[in-house]
Each structure stands twice: as C-alpha cells, then as structure tokens.
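Hi,

Here is the structure I promised to pass along. Have a look at it first, and then read on for what turned up.

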Amino acid sequence: MGLAGVVIALLLALPNRRLPHDRRRHGAEETSAVTRAAGVATGWIGRRLDQGGRGRRWADALNLAGIRMDVADFVLVVGAAMLAAFALGLVVQGLILAVLLAVVTLIAVLFWVSIRADMRRTRFADQIDDVVTLLASNMRAGHSLVQGLHFVAQEVEDPAAGELARIVNEARVGRDLNASLAETAERMDSDDFRWIGQAIMIHRQVGGNLAEVLDTVGETVRERGQIRRQVRALAAEGKLSAIILMALPFVMTGLLILVNPTYIGVLVQSTLGWAMIFAGVIMLTLGGLWLRKVIEVKF
C-alpha cells in the first residue's frame with residue numbers, strides 16, 4: 001500500500017508548466033522532493049523520446065486525441081497508473097495478477113486514446129459542411145484565403161477551430177498553405193477536407209472564382225454528410241451490441257467478485273484457471289477486433 005501512496009503523490013506532484021512571468025512570480029516558492037523527482041523523471045523521459053524519434057509521433061497522437069498534455073507528463077502518468085495497478089494486484093493476489101493488471105491498464109489507456117481520436121475525427125467530419133460554407137462566404141466578402149480561414153476558425157468549434165487555427169499559424173510563419181492543408185487532411189483522415197485542399201491548390205495554380213468552386217465542393221460534402229449520418233444511424237444497433245458483448249464478461253466477473261468471491265476465486269488458484277483466463281483474454285481481443293471490422297462502414 002505504501003507503493004500506491006508513492007504513486008499517488010507522484011501524480012499530484014507533476015511539474016506545473018507555468019509561463020515565464022509566472023515562474024518569476026513564484027520563483028521564491030520551495031518545491032518538494034517529490035515535485036523535483038517528478039520533474040527529473042519527465043525530463044529524462046523527454047530526452048529518451050527525443051533520442052528515439054518517437055516524441056513527435058506521440059505528440060501528434062495526443063494532439064489528435066485532444067489531450068492537452070506534454071508527452072513526457074503523459075508517459076509518466078501512464079507509468080504511474082501501471083505501477084499502481086501492479087501494486088494492487090501484488091497485494092490482492094500475487095505476481096501474475098499484478099502483471100495482468102499492469103498490462104490491462106496500458107491497453108485500456110491506448111484504447112481510450114484511440115477512441116478519443118476517432119471521436120475527434122468524427123466531429124471534424126461533421127463540421128466540414130459549415131467550414132466550406134463559411135469559407136465560401138468569406139471569399140465572396142473579399143478576404144484573402146488565410147484571412148478567410150482565420151475568420152472561419154473563430155466561428156466554428158473544436159476540433160475544426162483548432163485545426164484551422166493551426167493551418168493559419170503555419171501559413172503566417174512561412175509554411176506552404178497547400179502542404180498544411182494536405183497534412184491536416186491526412187491527420188484527420190478526411191476525404192472531404194482533402195477535396196477542399198485540392199480545390200484551393202488548383203485555384204492557386206490556375207486562378208478563377210474560388211467561392212463558386214467551394215460552393216460546388218460544399219454541395220458534394222453535404223450529400224456525403226447525409227449519407228454518412230444515415231450509415232451511422234443504421235450501424236448504431238450493431239455498435240451497441242458489440243459494446244454489450246465486450247462489457248459482459250467484465251461486468252459478470254465484477255458481480256461474482258462482489259456476490260460470491262470464493263466461487264470466482266477458485267479460478268485464480270490453479271495453473272489451469274490462469275490458462276483459461278489467458279485464453280479468454282485472447283479470444284475476447286480477437287472477437288473485439290472482428291466486431292470492430294463488422295460494424296465499421298467506409299464509403
């Protein structure tokens with residue numbers, strides 16, 4: 001239990017990323033040993049990620065999921081959570097359960113980040129209709145393309161607002177606008193936004209009335225959006241069934257632990273029981289992947 005207490009203290013002592021003027025104001029404050037240890041740990045993790053070249057990829061993954069946290073801090077929090085799960089399993093049962101809980105914690109975090117990224121992509125796809133309409137209106141009003149993107153970013157909500165603001169900021173510091181648009185389309189995995197970027201790129205090369213081109217693209221985007229919402233509604237029943245089937249083993253296990261712990265405890269008291277648990281986890285994972293492919297509709 002002492003190990004769990006250390007983990008909780010470590011989570012609460014993550015270094016606060018203050019602005020420069022805040023650092024000057026609070027410079028006289030004393031930091032605890034745990035806070036300094038957390039700062040040293042995050043610094044070491046950051047250097048290792050930079051050396052391996054994984055820091056940028058992980059930062060992009062967190063940004064795509066809408067997690068506003070430094071990569072080193074996120075890795076430290078996940079590591080602390082795994083350590084807490086390991087300590088809990090060690091106290092409750094033993095080494096095997098401790099390792100299993102640590103692995104499950106890591107898989108759950110990765111699954112959570114993936115779900116958040118998918119949800120953010122879905123929200124972005126639903127906002128494309130408003131984005132192209134507002135952008136065409138700004139073009140008719142006589143604004144430049146970068147100004148139009150800036151005004152649209154102020155009118156819409158996240159995640160489109162953040163992505164458009166990022167494009168505008170990159171264009172202002174000298175990056176090619178076409179490259180920024182293409183990168184955003186790839187990051188958000190949006191064919192609709194990819195078409196908008198291609199229309200803008202063609203217009204910048206050959207000229208013409210960009211507002212009319214965006215109106216034409218907008219009509220196609222609206223029709224695709226209607227079809228996408230219809231498909232989502234039709235697939236909702238299958239998704240709910242998949243969620244229930246995936247959650248049922250965990251819910252039943254939790255109920256048995258609460259109602260009759262000795263009955264379920266027999267399963268973890270022999271090698272055969274652990275082999276059955278391991279086989280069940282593998283089969284549940286394969287079934288979950290299969291269900292995900294069944295209910296995933298692409299067009």
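**What turned up**

In this predicted model, 61% of the contacts in the protein with a separation of 6 or more are between residues 24 or more positions apart. The protein has 299 residues, and 30% of them are buried. Its secondary structure is quick to describe: 13 helices and zero strands, so the pattern along the sequence is simply α-α-α-α-α-α-α-α-α-α-α-α-α. As for the outside, the accessible surface comes to about 18800 Å², and carbon and sulfur atoms hold 65% of that.

**α6 against α11**

Start with this pair if you have the viewer open. Helix α6 covers residues 95-140 and helix α11 covers residues 210-259. Their axes come within 9 Å and cross at roughly 160°. Anything over 145 degrees counts as roughly antiparallel, and α6 and α11 are therefore roughly antiparallel to each other. The crossing of α6 past α11 is left-handed.

The contact list here goes as follows. On the α6 side there are Thr122, Ala125, Asp126, Ile128, Asp129, Val132, Thr133, Leu135, Ala136, Met139 and Arg140. They meet Leu210, Ala211, Leu214, Asp215, Gly218, Val221, Arg222, Arg228, Arg229 and Arg232 in α11.

Gly225 is also found in α11. Is Gly225 buried or exposed? With a relative accessibility of 4%, Gly225 is buried, because the cut-off for that is under 20%. From Gly225 to Asp126 the C-alpha to C-alpha distance is 6.9 Å, although 99 residues separate the two in sequence.

**Charged pairs between the two helices**

Side chains of opposite charge can pair when their charged atoms come close. The structure holds 13 salt bridges, and two that I looked at run between α6 and α11.

One of them joins Arg222 and Asp129, whose closest N and O atoms are 3.2 Å apart. Arg222 sits in α11 and Asp129 in α6, so this pair ties together parts that are 93 residues apart in sequence. Both ends are partly exposed: Arg222 has a relative accessible area of 32%, and Asp129 comes in at 22%.

The other joins Arg140 and Asp215, with 1.9 Å between the closest N and O atoms. Again the link is between distant parts of the chain, with Arg140 in α6 and Asp215 in α11, 75 residues apart. Asp215 is partly exposed as well, at 26% relative accessibility. You may want to look at that 1.9 Å value yourself.

**A charged pair inside one helix**

Where does the salt bridge between Glu183 and Arg187 sit? Both residues lie in helix α9 (residues 177-188), four residues apart, or about one turn of the helix. The N to O distance for this pair is 3.2 Å. Glu183 is partly exposed at 26% relative accessibility, whereas Arg187 counts as buried at 12%. The pair also belongs to something wider: salt bridges that share partners join Arg120, Glu163, Arg166, Glu170, Arg175, Glu183 and Arg187 into one network.

**α6 against α7**

Helix α6 has another neighbour to mention, helix α7 (residues 145-155). The two pack at an angle of about 135°, with their axes 9 Å apart. That makes α6 oblique to α7, because an angle has to be over 145 degrees to count as roughly antiparallel. The crossing of α6 and α7 is right-handed, while α6 passes α11 in a left-handed one.

In this contact, Val131, Leu134, Leu135, Asn138 and Met139 come from α6. Their partners in α7 are Leu145, Gly148, Leu149, Phe151, Val152 and Glu155. Leu135 and Met139 also appear in the contact with α11.

Which class does Glu155, in α7, fall into: buried or exposed? Glu155 counts as exposed, with 60% relative accessibility. Its C-alpha is 9.0 Å from that of Val131, and the two residues are 24 apart in sequence.

That's the tour; shout if anything looks odd on your side.

Cheers

How values were computed. Residues are numbered from 1 along each chain as its sequence is written. This is a predicted model: local features need pLDDT of at least 70, side-chain atom pairs count only at pLDDT 80 or more; totals for chains, interfaces and linings use all residues. Side-chain values use heavy atoms; hydrogens and water are left out. A salt bridge is a side-chain nitrogen of Lys or Arg within 4 Å of a carboxyl oxygen of Asp or Glu. Buried means under 20% relative accessible area, exposed over 50%, partly exposed in between (1.4 Å probe, protein chains only). Contact means heavy atoms within 4.5 Å. Accessible areas come from the Shrake-Rupley method with a 1.4 Å probe; for residues, only the protein chains shown count as cover. Axes are lines fitted to C-alpha atoms, for helices over the stretch in contact, and angles run from 0 to 180 degrees between N-to-C directions. Angles under 35 degrees count as roughly parallel, over 145 as roughly antiparallel, 65 to 115 as roughly perpendicular and the rest as oblique. A crossing is left-handed if the near helix is turned anticlockwise from the far one by less than a right angle, and right-handed if clockwise.
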